[in-house]
Amino acid sequence: MVETSQTAPPDGMRAGQNADAGPGGRSWTGPGAAPAPGAAMEKAGGPLTGVRVLELGSLIAGPFAGRQLADFGAEVIKIESPDRPDPMREWGRARMHGHTLWWSVQSRGKKCVTLDLKSPRGRELFLELCREADVILENFRPGTLEKLGLAPDVLWQGNPGLVIARVSGYGQTGPDANKPGYASVAEARGGLRHLNGYPDQAPPRTGISLGDSLASLYALQGILLALYWRDARGGTGQVVDVSLVEACFSLLESAVPDYAAQGIVPGPSGSGLKGIAPSNIFRSSDGKWVVIAANQDSVFVRLAAAMGTPELASDPLYSNHASRGVNQEALEQLIAEWAARFNHSELVACLDRHAVPNSTVSTIEDIFEDPQLRARGMLVEVPDEQLGAVVQPGVIPKLSRTSGGIAWNGPLSPGSHNSDVYGGLLKLNGEELQHAKDEGAI
Ligand SMILES: CC(C)(COP(=O)(O)OP(=O)(O)OC[C@H]1O[C@@H](n2cnc3c(N)ncnc32)[C@H](O)[C@@H]1OP(=O)(O)O)[C@@H](O)C(=O)NCCC(=O)NCCSC(=O)C(=O)O
């Protein structure tokens with residue numbers, strides 16, 4: 001695996017700056033507050049230290065995987081066109097000093113370089129970078145790399161070990177391969193959209209670009225599988241082909257065998273799941289929604305006790321999964337009447353005492369107050385010379401020995417790592433760098 005140095009923070013951040021607050025920031029404890037005693041400190045580095053990734057593409061579906069790779073120590077070099085930076089730089093609602101903040105999250109720990117893949121010198125530099133890399137991660141429309149003369153076979157000539165992860169709307173093959181795609185479209189085509197919402201209403205989105213992040217997680221999985229095969233099993237590079245549509249489709253649970261066997265077409269099931277009971281939202285006396293989920297015999301016994309009606313658990317109407325499914329409506333009505341007698345904190349406390357899975361429906365405001373998420377280091381304040389600090393979601397999953405962390409916020413200027421990457425890694429001297437810049441290649 002390629003040796004790498006993770007020591008170059010972007011413009012606007014002093015080298016070693018993070019050392020004051022732990023290598024990757026500190027757990028967020030509120031404006032101006034000191035870290036909570038024993039708060040988890042994020043660490044830079046991680047199990048992928050030494051893996052070098054070139055990230056091409058934009059927005060979410062590829063870059064979200066790049067973010068995870070960077071969290072776990074990979075050196076992720078994000079390549080942007082010199083005259084058309086990633087539009088993600090403008091996405092997000094809050095603006096600080098003219099910058100939106102989603103970028104800080106999506107590009108955290110990455111090195112940003114500019115490179116015109118359409119110019120001969122740019123293409124040459126890219127091929128040199130490929131020789132030094134382990135992984136290419138791209139989410140262009142299929143055929144774009146090929147149009148640039150950078151098809152996998154070309155890249156493998158210089159580096160047969162390259163893992164090439166390609167995220168696209170429909171996959172690299174098939175009649176729709178060349179169509180552009182977005183999460184919204186993929187969620188519809190892959191079957192998720194039809195299941196969301198209420199019968200006879202327009203099917204709503206989930207409020208996030210779920211299909212993109214989902215596909216990106218499959219890309220991450222594919223990259224790790226391909227690296228394992230290459231490095232532990234003596235394999236070579238290969239293409240990891242991820243489709244947004246298939247990523248959505250893969251979540252459909254029993255729909256495929258159910259339809260094939262008996263023609264069952266599931267529809268939208270509102271706030272619960274048809275036949276899975278009880279698992280729904282119930283309103284407390286103070287008007288808060290609380291999810292109560294006891295859709296398993298052992299847990300239902302505990303809910304029945306919490307409700308002061310232990311006999312429900314042995315009532316043939318509700319005593320097993322199938323009977324609760326058939327009598328779902330009546331059962332949920334009983335729970336709704338019981339829940340409405342308590343305010344939400346009483347309700348949650350009672351359910352907790354009986355170990356019944358439950359939660360109020362959190363807003364982001366609630367999440368910032370959530371002691372569990374805070375104790376797990378899921379809100380991390382990452383210092384930034386230009387933005388002051390950005391509170392970021394923490395790293396998932398938690399690895400006990402090689403935890404990874406957030407090295408720095410997404411670099412705010414395109415090309416902030418040009419000298420580090422082209423000068424340091426490709427050994428271009430000052431004159432060559434300037435020339436590449438003057439001719440518009442970087
Ligand atoms: C997102 C897209 C619809 C955007 O469509 P387009 O802008 O038409 O295409 P592309 O992104 O593939 O490429 C645009 C052009 O930029 C060129 N390009 C890109 N990078 C470079 C660099 N570094 N240098 C020079 N030229 C470059 C590339 O060659 C193409 O040129 P020309 O070929 O000459 O035009 C598509 O990329 C796509 O379908 N991607 C796969 C699915 C996906 O990731 N979707 C999720 C996005 S976020 C989302 O879903 C959501 O928000 O929801």
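## Around the ligand

A polar contact is a pair of N or O atoms within 3.5 Å. With that in hand, we can look at how this predicted model holds its ligand. A backbone N or O atom of A183 sits 2.8 Å from an oxygen atom of the ligand. R141 also uses a backbone N or O atom, at 2.9 Å from a ligand oxygen. S209 takes part through its side chain instead, with a polar atom 3.5 Å from an oxygen atom of the ligand. On its own the ligand would expose 1000 Å², and the protein buries 81% of that area.

What kinds of residues form the shell around the ligand? The shell divides into 11 nonpolar, seven polar and seven charged residues. Of the 25 residues around the ligand, those that come nearest are K118, K147, G181, A183 and D212. Two elements, α4 (144-147) and β8 (163-168), each give two or more residues to the shell.

## The chain as a whole

Now let us step back. The protein chain has 442 residues, and 46% of them are buried. Its secondary structure comes to 18 helices and 14 strands. Among contacts with a separation of 6 or more, 70% join residues that are 24 or more positions apart. The accessible surface of the chain is about 21500 Å², and carbon and sulfur atoms account for 55% of it.

## Helix α8

Helix α8 covers residues 210-232, which makes 23 residues. How far apart are its end C-alpha atoms? They are 32 Å apart, which agrees with the 33 Å that the helix should span at 1.5 Å a residue.

Many names appear among the buried residues of α8, including G211, D212, L214, A215, A219, L220 and R230. D212 is also one of the residues that come nearest to the ligand. The buried residues of α8 pack against α1 (63-71), β7 (135-138), β8, α6 (183-189), β9 (239-243) and α9 (244-249). Just after the helix, G234 takes a positive phi of about 65 degrees.

## Two buried residues

Is Q68, in helix α1, buried or exposed? Q68 counts as buried because its relative accessibility is 9%, below the 20% cut-off. Leaving out residues up to four places away in sequence, Q68 touches L217, L220 and I396.

A293 lies in strand β11 (residues 289-293). With a relative accessible area of 17%, A293 is under the 20% limit and therefore buried. Again leaving out residues up to four places away in sequence, A293 touches P278, S279, V299, V356 and P357. The C-alpha atoms of A293 and N280 are 6.5 Å apart, although these residues are 13 residues apart along the chain.

## Special spots in the backbone

P278, a contact of A293, is found in the loop between α10 (255-262) and β10 (279-283). The peptide bond from A277 to P278 is cis, with omega near -10 degrees. I396, which Q68 touches, is joined to P397 by a cis peptide bond with omega of about -5 degrees. P397 belongs to the loop between β14 (388-393) and α17 (418-425).

Two residues that are not glycines have a positive phi: D200, at about 65 degrees, and K427, at about 60 degrees. D200 is in the loop between α7 (192-195) and α8, while K427 is in the loop between α17 and α18 (430-438). Why does D200 count as exposed? Its relative accessibility is 85%, and exposed means over 50%. K427 also counts as exposed, because its relative accessibility is 64%.

Technical notes. Residues are numbered from 1 along each chain as its sequence is written. This is a predicted model: local features need pLDDT of at least 70, side-chain atom pairs count only at pLDDT 80 or more; totals for chains, interfaces and linings use all residues. Side-chain values use heavy atoms; hydrogens and water are left out. A residue is near a molecule or strand if one of its heavy atoms lies within 4 Å of it. A polar contact is a pair of N or O atoms within 3.5 Å; within protein, one must be able to donate a hydrogen and the other to accept it, and residues adjacent in sequence count only if both atoms are side-chain atoms. Accessible areas come from the Shrake-Rupley method with a 1.4 Å probe; for residues, only the protein chains shown count as cover. Helices (H or I, at least four residues) and strands (E, at least two) are DSSP runs, numbered from the N terminus. Ala, Val, Leu, Ile, Met, Phe, Trp, Tyr, Cys and Pro count as nonpolar, Asp, Glu, Lys and Arg as charged, and the others, Gly among them, as polar. Buried means under 20% relative accessible area, exposed over 50%, partly exposed in between (1.4 Å probe, protein chains only). Contact means heavy atoms within 4.5 Å. The expected span of a helix is 1.5 Å times one less than its number of residues.
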